[in-house]
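This report walks through one protein structure, starting with its open and closed spaces and then turning to a few strands and single residues. Keep the sequence and the 3D view at hand while reading.

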Amino acid sequence: MTKYLLITAASLLAIACNAATTSTAGGEQSASIKKPFATTVIADFDEPWAMTFLPEFNQALITEKKGKLLLWESEGPVVEVGGLPKVAYGGQGGLGDVILHPGFADNGLIYLSYAEEGEGGIGAAVATARLDREGAEPKLADLKVIWRQVPKVSGRGHFGHRLAFSPDGKYLFISSGERQKFDPAQDMNANLGKIIRLFPDGSIPQDNPFHDATNPVKSQIWSLGHRNPLGLTFDDKGQLWNQEMGPRGGDEINLVKRSANYGYPRASNGDHYDGQPIPDHAAGDRFEAPKIWWNPSISPGGLLFYNGDLFPKWKGSLFLGGLGSQSLIRVKVDGETLTKADKWNMDARIREVEQSPDGAIWLLEDGAHGSQGRLIKLTPTN
């Protein structure tokens with residue numbers, strides 16, 4: 001049993017009233033001066049990556065990049081869950097996302113994404129398993145890999161591997177990074193640089209836009225032309241949004257549409273890190289342009305559509321963590337239109353943004369590059 005220190009004494013309060021922020025599609029977004037929320041540090045972790053709340057509000061599953069899945073309880077120790085697959089840790093690779101099956105209360109199924117080694121190199125994988133909490137220590141049972149990145153390649157970057165279920169619970173969506181290889185994002189014989197749509201058991205819906213009975217990899221694809229999609233969420237209208245770590249000056253949020261091509265690496269509002277230009281999105285280029293982007297970059301991590309009541313003025317907003325920008329960012333959603341709203345300096349790399357059943361907003365610090373890896377709860381100040 002692994003225990004982690006719980007921190008309950010630290011609580012930082014700030015007065016409401018935000019400074020105005022830039023709302024242009026790609027321009028710089030200035031930081032709000034004051035935070036309209038209190039921050040309470042709950043626990044410390046080692047490179048945490050993702051979290052999801054269980055139906056019991058006081059429990060959550062938290063992944064650590066090095067390969068640990070942890071069960072957090074508000075009134076007890078944090079314990080390690082046994083039975084995980086072998087994880088290829090290094091660079092941007094490791095244990096990634098964790099979400100619950102829509103029927104978790106009845107079947108106990110969870111979904112994990114992670115990097116794994118195999119023929120040709122390394123790639124992301126998604127597995128499902130039953131969370132067994134009957135014994136002295138929780139463990140995963142009946143683990144089954146239901147999806148893999150194809151092909152596996154060299155390097156340890158751009159796995160993406162965020163997970164989201166459609167609101168009706170019928171489909172599992174997976175974000176798949178292009179693994180810093182550029183061209184696979186446009187290659188229909190690879191599932192790199194794509195958004196994937198599957199049934200919960202990993203089988204492929206025949207109504208997927210590129211379904212081909214002779215090509216199962218192509219058949220998985222819902223959209224293409226993505227770079228490093230590190231956030232995936234549905235809004236209250238059933239629209240699927242993704243944020244992705246773009247090239248220099250090209251971080252973006254996309255409205256993910258069936259069969260759409262988002263252009264990378266042929267089009268982007270940013271340029272390659274080595275200074276090589278990429279054509280900007282332009283009318284008539286046949287690529288789907290982002291709904292909003294950031295220049296300078298914010299290095300986004302995590303994506304939440306907020307539908308809680310604890311922060312009523314923020315209901316219907318998207319929240320992003322900022323890694324390099326060390327910030328929490330709010331974006332207003334009006335149908336298919338996005339507007340930059342708030343950007344708060346958090347003095348730490350924010351990897352994950354999550355909502356608890358009571359409407360509180362929770363953050364996981366990245367814990368990489370010498371930064372902290374704390375679990376933080378945000379609540380209103382008034």
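The model is predicted. The second largest pocket is lined by 24 residues, and those nearest its centre are Gln92, Met245, Leu323, Arg349 and Arg351. Its volume is about 400 Å³. By class, the lining of this second largest pocket has 7 nonpolar, 10 polar and 7 charged residues.

The largest pocket has a volume of about 990 Å³. Its lining has 35 residues, with Thr52, Ile99, Phe165, Thr233 and Glu354 nearest the centre. In this lining, 19 residues are nonpolar, 10 are polar and 6 are charged. Several strands take part: S3 (48-53), S7 (95-100), S11 (160-165), S15 (229-234), S19 (300-306) and S23 (350-355) each supply at least two residues of the lining of the largest pocket.

The structure also has closed space. A search of the whole structure finds 1 cavity of 30 Å³ or more. The largest cavity holds about 60 Å³ of space. It is lined by 13 residues, of which Arg227, Glu244, Glu252, Tyr264 and Ser268 lie nearest its centre. The lining of the largest cavity divides into 4 nonpolar, 6 polar and 3 charged residues.

The table sets out the lining classes of the three spaces.

| Space | Nonpolar | Polar | Charged |
|---|---|---|---|
| Largest pocket | 19 residues | 10 residues | 6 residues |
| Second largest pocket | 7 residues | 10 residues | 7 residues |
| Largest cavity | 4 residues | 6 residues | 3 residues |

**Strand S4 and its partners**

Strand S3, which was met in the lining of the largest pocket, is joined to strand S4 by 5 bridges, and the two run antiparallel. In this pair, alanine 50 stands opposite threonine 63 in S4. On from there, S4 is joined to strand S5 (residues 68-73) by 6 bridges, again in the antiparallel sense. Here glutamine 59 stands opposite glutamate 73 in S5. The hairpin of S4 and S5 has 3 residues between the strands, and glycine 67 in this hairpin takes a positive phi near 120 degrees.

How many residues of strand S4 (residues 59-64) are buried? The count is 6 of its 6 residues, and the strand is mostly covered. In a regular strand the side chains alternate between the two faces of the sheet. In S4, Gln59, Leu61 and Thr63 lie on one side, Ala60, Ile62 and Glu64 lie on the other, and all of these are buried. Both faces of S4 are therefore covered, as buried means under 20% relative accessible area.

**Strand S24 and its partners**

Strand S23 also supplies residues to the lining of the largest pocket. S23 and S24 pair over 5 bridges in the antiparallel sense, with valine 353 opposite leucine 363 in S24. Their hairpin has 5 residues between the strands, and in it glycine 359 takes a positive phi near 95 degrees. S24 is also joined to strand S25 (residues 374-380) by 4 bridges, and these two run antiparallel. The bridge partner of leucine 363 in S25 is isoleucine 376. Leucine 363 thus has a partner named in S23 and another in S25.

Why is strand S24 (residues 361-365) described as largely enclosed by the rest of the structure? The reason is that 5 of its 5 residues are buried. From S24, Ile361, Leu363 and Glu365 point one way, while Trp362 and Leu364 point the other way, and all are buried.

**Two loop residues**

Asparagine 269 sits in the loop between strand S17 (251-256) and strand S18 (292-294). Is asparagine 269 buried or exposed? Its relative accessibility is 15%, so asparagine 269 counts as buried, the cut-off being under 20%. Neighbours within four places in sequence aside, asparagine 269 is in contact with Gly249, Gly250, Asp280, His281, Pro290 and Trp293.

Aspartate 201 is in the loop between strand S13 (194-198) and helix H2 (216-220). Aspartate 201 has a relative accessible area of 47% and is therefore partly exposed, a class that runs between 20% and 50%. Its side chain makes a polar contact of 2.6 Å with the side chain of serine 203. Apart from neighbours within four places in sequence, aspartate 201 is in contact with Lys144 and Ile146. Between aspartate 201 and alanine 282 the separation is 81 residues in sequence and 39 Å in space, C-alpha to C-alpha.

Notes
Residues numbered from 1 in each chain as written. Predicted model: local features only at pLDDT ≥ 70, side-chain atom pairs only at ≥ 80, totals over all residues. Heavy atoms only, no water. 1 Å grid on protein atoms, 1.4 Å probe; cavity = no way out; pocket = protein on both sides within 12 Å on 5 of 7 lines; lining within 4 Å. Points joined across faces, edges and corners; volume = space filled by probe spheres on them. Nonpolar A, V, L, I, M, F, W, Y, C, P; charged D, E, K, R; others polar. Buried < 20%, exposed > 50% of the residue type's maximum accessible area, 1.4 Å probe, protein only. Contact = heavy atoms within 4.5 Å. Polar contact = N/O pair within 3.5 Å; in protein donor to acceptor, adjacent residues only side chain to side chain. Pairing = 2+ DSSP bridges.
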